[in-house]
Amino acid sequence: MRPPKRLRRRLKSAVLLGLCGIAVLLMLVPLASILYACFVNGAGAITPDFFLKNPPPPCNPAAGAPCPVGGVQDAILGTLLLVGLASLIALPVGILAGIYLSEFEDRPLARPARFLADVMTGIPSIVIGVFVFGIFYSFAEAGWISPFSVISGYTGAVALAVIMIPVVARTCEEALRLVPTSIREASLALGIPRHRTILRIVLSAARGGVITGSLLAVARAGGETAPLLLTAGFTTGSIFGLSGWTPSLPVMIYEFASANYPNTTQLAWGAALVLVLMMLLISVGARLALRNRFGGRVA
Amino acid sequence: MTDNKLVVQNLHAWYGKTHAVQDISLSFPDKQATAIIGPSGCGKSTFIRCLNRIHETQPKARAEGKVLLDGQDVYQEDPTEIRRKIGMVFQRPNVFPTMSIYGNVAAGLKLHGGYSQDEIDSAVIESLKKSALWEEVKEKLDESALQLSGGQQQRLCIARALAVQPEVLLMDEPASALDPISTARIEDLIFDLKNQVPVVIVTHNMQQAARVADRTAFLYLGKLIEVAPTRDLFERPSEKLTESYITGRFG
Amino acid sequence: MGEAPVGSGAGADARPGPPGVPPATTSPLARGAARRLRARAADLAFGWVALAAAGALVVLPVLLVIVLAQNSWMSLVRFGPGFLFGRTWDPNLAPITFGAVPFVAGTIETSVIALLIGVPLSLGAAVFLAELAPDWLRAPVASVVDLLAAVPSVVFGLWGLYVLVPFMRTSVDPFLVKYFGWSPIFAGHAGSQSGQSILTASIILAVMILPTISSVSREALRATPDSQREAALSLGATRWEATRLGPLAYARSGIFGAAVLGLGRAMGETMAVTMTIGNSNRVATSLLDPGQTLSSLIAINFGNALALELSALVELGLILMALSLLVNVVARLMLRSITRLGGSTA
């Protein structure tokens, strides 16, 4: 009875392990398909106009009359402004919070703050959108801002910042923790006061991880759609700053995809291509930077 | 003169570029315990792991040479079959944490299949008795293996290895992680076991080798320096190197 | 000590000033004391600033719950616990009726099916990367898998809408209806022929959570000591059996935690689901029916809603938050033994 059973076991082993390899290939299919679709459908939209013009009115191609294609200039501008303001708020707060979690971890606030930061990273971004909308809505109800300002670039930037802060805080904390204690002790032993030890010496030693973590958080904010849909609105016209409805690339992709007019759909694919390439670049860059820093596997 | 159960001929082993085992030829007689001693890094663990072909499962590990079990070269056979015939007990107890005590001992039998429930039950009981663990666990076979002490877990590992009825038992420093009482128990075990199954035991503890082994081999930097009946090796070593090691000059 | 009295004229440690003005007189020691005092003050101030920043981490979630509760108050009061069991969502009905059931059902259905599809694939990939892949293949493949995590949700939605949905409509759905339409979960109902369905949304969700489950599982598998696998091998196990007895068993709770983490991610996903689920506010009985999740309904209706409907949508947000909170806390409890989760999983 033994030999046939052994053959079956070996066969089973080979098959199952082969399936694992196939699983990996299967995972790559969607990624390849997405990249391919973005290139094929969107590359045609990447013309100088893409960056210089705004979206055209929706139109159905009539016989012999092609629809204007236009560009996504203000959506790009909107994204840059939104993410810029959000980062301006979230990076200092997040990094300082990360410093607290790492350097002051024996204080009573540290553990609840860390726990709640982890909790926050798990909250769906649309709920954050509802939350920030609610805050500004209350401001309008209290008469502090006009009801027309509830949905604006400022609201959107705050929403993105709220999403970014816990992420930045935790990655910054992790980066700081990797700095050996002996460095802190050496600095303090030289008489350097604590705040300067942390800001100049420890933070500097951890700057690779901090920068990478911040970059990834910023990139992630650039790709967020749902909260901006609720808080920043959308427009195809020009914007002059963050007051009023502020377009962004992700929201634009959504709006045009749903509207389904051929010319704006192509713009959506073009924007998707740009977004994906940027996200991939930043991701790969961050990964390489981390690996070089630690000389080994990252994850 | 007992037959040689296991014969090693010109064994070489590498970890990447490191030539850990260099041209070792050694025989292991039946019904005897053979100890392998030597300083850290001399290749004794690598050597023993080549006997049941565990060595090659590590990345970048390679072996060459012949290991004859009853005349058959294990490197020409199916490794899973070889590993059933040549059992191994590791340095640290490595019970399966998600299984019960019963489950651990039965694991090997269940893998190979073809045994009835009764056959498995009696094999488990017998192995636990052979490894002197039965009395302590007979009331709690279904409980987790993790609640046992270190010494008990190691005896469980021995029972697990014995359950598949190996023809040789390899032990890689089996007592080095244990307290003296557990160590003594395991040494007693080896004394009993060697009448049923030839035992090859790697140890860095010379007194242990002196206590349990019929023959002892001394390895140094990947080479076999000397092998002899235990008393002869310790009292009248023929190599200078052996003498230096035994008298504690290094290692 | 050593402090020259004011106006005493030039001493060794008095700084020269403009003629006619008494020299400034601080000794190095006094200067040092002042500097130390300033340093301590700065340290204290810095500590407060950092505390305030960390305070934000605590204040934000608390504020979140308060704001959500406040804004859903109207709906909470109006519908009470019945909201959780209501199956109708219609602002045009008289009386206005809002209920959460179709959307909770949609969220749970899509997430669970995403898990059913995603876990075997992720686990297979994790096993491949942790146990099988040769060293040179490991890092590049792992990176490529993690690239999936970098694709924004809305791009998944775009691809879903224009590539996957037509594919489902033309190839997969008819096949399923033909061979499995006899069972209620694959029944083809009228109005479910567009390719936008629970199943399509679940497939996209599965793809989106693959990197999460796979990377956390891989960490769990790698944390298994080699001796576990070797113990199995030494009993005569085949390579697969050794993987099963060794790393897969040892890392059980980690793998489970990874799956639960993936569940949490899937539940919170909005854009990709919104664009592929068909947006129908009824409970879907067949996988091929269109449906709606908590997040997709909020995304679609929030901009146009007023008063009671807005309040009801916020209440849905509250429910969504509670659900994903529960799942995430459970996941983190399971994954306590495996350290690095951080905020770096995007």
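## Basis of the description

Two strands are taken to pair if DSSP finds at least two bridges between them, and strands (E, at least two residues) and helices (H or I, at least four) are DSSP runs numbered from the N terminus. The model is predicted, so that local features need pLDDT of at least 70 and side-chain atom pairs count only at pLDDT 80 or more, while totals for chains, interfaces and linings use all residues. Residues are numbered from 1 along each chain as its sequence is written, and chains are lettered from A and ligands numbered from 1 in the order in which they are written.

## The mixed sheet of chain B

In chain B, an open sheet of 6 strands follows the order β6-β7-β8-β3-β9-β10, with mixed pairing. Strands β6 (86-89) and β10 of chain B stand at its edges, each with a single partner strand, so one side of each is left without a neighbour in the sheet. Neighbouring strands of this sheet are turned against each other by 20° on average, direction ignored; such angles run from 0 to 180 degrees between N-to-C directions, and axes are lines fitted to C-alpha atoms, for helices over the stretch in contact.

At one edge, β6(B) is joined by 4 bridges to strand β7 (residues 168-172) of chain B, the two running parallel, and G87(B) stands opposite L169(B) in β7(B). Helix α6(B) packs on this sheet, where it touches β6 and β7 of chain B, and its direction makes about 170° with that of β6(B); contact between two residues requires that their C-beta atoms, placed from the backbone, lie within 7 Å. At the other edge, strand β9 (residues 215-220) of chain B and strand β10 (residues 223-229) of chain B run antiparallel and are joined by 6 bridges, with E226(B) in β10(B) as the bridge partner of F218(B). The hairpin of β9(B) and β10(B) has 2 residues between the strands, and L221(B) takes a positive phi near 50° in it.

## The antiparallel sheet of chain B

A further open sheet of chain B consists of 4 strands in the order β2-β1-β4-β5, with antiparallel pairing. Its edge strands are β2 (18-29) and β5 (72-73) of chain B, each of which pairs on one side only. Strand β1 (residues 4-15) of chain B pairs with strand β4 (residues 61-69) of chain B in the antiparallel sense over 8 bridges, and H12(B) stands opposite E64(B) in β4(B). Helix α1 (residues 44-51) of chain B packs on the sheet and touches β1, β2 and β4 of chain B, its direction making about 60° with that of β2(B).

## Helix packing in chains B, C and A

In chain B, helix α3 (residues 101-112) and helix α6 (residues 150-163) pack at an angle of about 30°, with their axes 7 Å apart. That makes α3(B) roughly parallel to α6(B), a description that covers angles under 35 degrees, whereas angles over 145 count as roughly antiparallel, 65 to 115 as roughly perpendicular and the rest as oblique. Helix α3(B) passes α6(B) in a right-handed crossing; a crossing is right-handed if the near helix is turned clockwise from the far one by less than a right angle, and left-handed if anticlockwise. Among the residues making the contact are I101(B), V105(B) and L109(B) of α3(B), and L156(B), A159(B) and R160(B) of α6(B). By class, this contact of α3(B) with α6(B) has 8 nonpolar, 2 polar and 1 charged residues, where Ala, Val, Leu, Ile, Met, Phe, Trp, Tyr, Cys and Pro count as nonpolar, Asp, Glu, Lys and Arg as charged, and the others, Gly among them, as polar.

In chain C, the axes of helix α11 (residues 294-301) and helix α12 (residues 307-334) come within 9 Å and cross at roughly 150°, which makes α11(C) roughly antiparallel to α12(C). The crossing of α11(C) and α12(C) is left-handed, and the residues of their contact divide into 7 nonpolar, 3 polar and 1 charged. In chain A, helix α3 (residues 73-103) and helix α6 (residues 153-177) pack at an angle of about 35°, with their axes 6 Å apart. Helix α3(A) passes α6(A) in a right-handed crossing, and their contact has 22 nonpolar, 5 polar and 4 charged residues.

## Chain C: domains and contact with chain A

The domain assignment of chain C, by an automatic or database method, gives domain 1 (1-8 + 24-58) and domain 2 (81-344). The centres of these two domains of chain C, taken over C-alpha atoms, are separated by 55 Å.

The contact between chain C and chain A takes 72 residues from chain C and 78 residues from chain A. Helix α1 (residues 28-71) of chain C provides the largest share of the side of chain C that touches chain A, 20 residues. By class, that side of chain C has 49 nonpolar, 19 polar and 4 charged residues.
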